[in-house]
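Hi,

Here is the structure I said I would pass on. Have a look at it first, and then read my notes below.

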Amino acid sequence: MKIVIIGYGIAAANAAKRLKKEGHDITIISAEEHAPFYRARVLELLEGKSVQDISMPREDVNVIQGLAVKIDREGRAVVLESGERVSYDELILATGANANSLPVKSERIVTVRTIADTEDMMRKLDASERVAVLGGGLLGLEAAVKIHEYTKKRVSVIESAGWLLSRQFKEAEGRYLEKKLSAMGLDIITGAAGAETEDGVKVTLADGRVFEFDLLVCSIGVRPETSLAAACGLKVNRGIVVDEHLRTSDEHISAIGDVAEADGRTPCMISTALDMARVVLNPQKSYKAAAPSAVLKIAGLDAISMGSEDEGSLRTVREDEDKREVFVTKDGVLTGYYAIGTSANLVKAKLAMGKPFDVTAF
C-alpha cells in the first residue's frame, strides 16, 4: 500500500518506521530543512548541542523536501508548491502545531518552535541585557532556565495566571515551584493577564505594573496546523477531528500528533504522538487518551503532575526545603500525584494510579 505522510516530526517518523517494517511504500513530505528532529530538544542548542545531536535517525523511506499546498481527496493526491502531485492510497496528516504569537510584530519578540527560531533567538540573546519569557507553562519555564544558564543573567517569567503551571498544579505547588525557580535565577511575575506589549520592550500589566526588556521570548501555547485539512473539507475543530482509529472524516486520511483532535482533546505531548504512531493504520489497535500528566526536568529540578484532583479528593502532603510531594486520593484510590524537587516516586506513583493506595508505602 502506498502511504503518504505530510510532516516529519516525532509522530510521523515513528509511524513511518513501523509502517515500513510492515511492508508499505512510504513517502514523507517535509517542509522543514532539518527534519526529523526532537522538537522538544531544540532548546538544547543553548547548551552547546549541535543540530545533529537533536536529530532523529532518518528511515529508509522516500522523503520529498517541499511544501504541500493542497489535498485532492477525489484524486487521492497531494499537490506540492512546485506543482508536483504525489498520489496515495492512504494519507497521514502529521502537520504538527505552530507557536502562538503576539499581534505586535517586532524584531524584539521571538517564538521558539524550530531550529531556525532557536538560532535566531541565540543571536539576539547575545545583544540583550534584559530578557523575559512570556508564558509560565512547561515550555516557558524550560526556556527561561536555559536562557538564564546561557546568558548568566536573571531572566523574568511573565505568567497570566496567578501561579506557575496553573494547568498542572494547585496554587500551593505553583508557589513552591516559584520559590525554587527564583533561587535558581528567575524573576517570576504572575497575575499578568491583560498584558500589553509595545515593540517587545515595554510590557504593561492590567494592574498598572510596567516592565521593560530588550528581548521578549513568547511561549504562550501552540495551535494545530489544520489549514490543509480545512481547505479540503475535513472536519476540523481546534485540531483535525479523528475517531478511535485516528481516521478523519475521510476514510482514506488519518491524522496523528499535535494536529489530531481525539475525544475533543489536542494534548500536544510527545507521549500522545508516540501512542498515535503505534495505532495509526493498525486495524488491531485503537487510540485511547492517557490520563493527563506532565514531567518537567530543568537544571536538576523535577516537576511532576499526574492524574487529576476534584471535589471530595483527599490530599496528603510531604514537604521540606528540598521537595514537595502531594498524593491525591478519592475513596482510598490514588487519583493524582504531584511532586517538585524529586522524581524518586514517579514510577511507583504511575503503577499505583487508579488503585487502592497506602501512602505509607511511599
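What sits over the ring of F362? The charged end of K348 does, 4.8 Å from the centre of that ring. Before you go further, keep in mind that this is a predicted model.

**The aromatic rings**

F362 also belongs to a cluster, in which ring pairs link it with F327, Y337 and F357. If you search the whole structure, you find six aromatic pairs. One of them is formed by F327 and Y337, whose ring centres are 5.3 Å apart with 45° between the planes. That pair is a tilted one, because planes under 30 degrees apart would count as stacked and planes over 60 as edge-to-face. F327 belongs to strand β24 (residues 324-330) and Y337 to strand β25 (residues 333-340), with their positions ten residues apart in the sequence. Are these two residues buried or exposed? Both F327 and Y337 are buried.

**Some backbone oddities**

A bit of background helps here: most residues other than glycine have a negative phi, and most peptide bonds are trans. Stay with the same two strands for a moment and find D331, in the loop between β24 and β25. D331 is not a glycine, yet its phi is positive, at about 55°. D331 counts as exposed because its relative accessibility is 76%, and the cut-off for exposed is over 50%.

D263 is another one to click on: phi is positive here too, about 55°, and again the residue is not a glycine. You will find D263 in the loop between β20 and α6 (270-279). With a relative accessibility of 63%, D263 is exposed as well.

Where is there a cis peptide bond? Look between A35 and P36, where omega is about 0°. P36 is in the loop that runs between β2 (25-30) and β3 (62-65).

**A buried valine and what it touches**

Now go to V259, in the loop between β19 (253-255) and β20 (260-262). Why does V259 count as buried? Its relative accessible area is 0%, and buried means under 20%. Leaving aside residues up to four places away in sequence, V259 touches L93, A94, T95, G96, P224, E225, T226, G239 and I240. R167 is 92 residues from V259 along the chain, and the C-alpha atoms of the two are separated by 20 Å.

I240, one of the residues V259 touches, is also worth comparing with A230. The C-alpha atoms of A230 and I240 are 8.2 Å apart in space, and the two residues are ten apart in sequence. A230 is in helix α5 (residues 227-231). A230 is partly exposed, with a relative accessible area of 44%.

**A pocket**

Last stop: the second largest pocket, which holds about 150 Å³ of space. Which residues line it? They are S101, L102, V104, K105, S106, I109, V110, T111, D117 and D120. By type, the lining divides into four nonpolar, three polar and three charged residues. Both β9 (109-111) and α2 (115-125) supply at least two residues of this lining. The biggest share comes from β9, with three residues.

That's the tour. Happy clicking!

Key: Residues are numbered from 1 along each chain as its sequence is written. This is a predicted model: local features need pLDDT of at least 70, side-chain atom pairs count only at pLDDT 80 or more; totals for chains, interfaces and linings use all residues. Side-chain values use heavy atoms; hydrogens and water are left out. Rings of Phe, Tyr and Trp (its six-membered ring) pair if their centres lie within 6.5 Å; planes under 30 degrees apart count as stacked, over 60 as edge-to-face and the rest as tilted. Helices (H or I, at least four residues) and strands (E, at least two) are DSSP runs, numbered from the N terminus. Buried means under 20% relative accessible area, exposed over 50%, partly exposed in between (1.4 Å probe, protein chains only). A charge sits over a ring if NZ of Lys or CZ of Arg is within 6 Å of the ring centre and within 35 degrees of the ring normal. On a 1 Å grid over the protein atoms alone, a cavity is a set of points where a 1.4 Å probe fits but cannot get out, and a pocket is an open set with protein on both sides within 12 Å along at least five of seven lines; lining residues have an atom within 4 Å of a point. Grid points are joined across faces, edges and corners, and a volume is the space filled by probe spheres set on the points. Ala, Val, Leu, Ile, Met, Phe, Trp, Tyr, Cys and Pro count as nonpolar, Asp, Glu, Lys and Arg as charged, and the others, Gly among them, as polar. Contact means heavy atoms within 4.5 Å.
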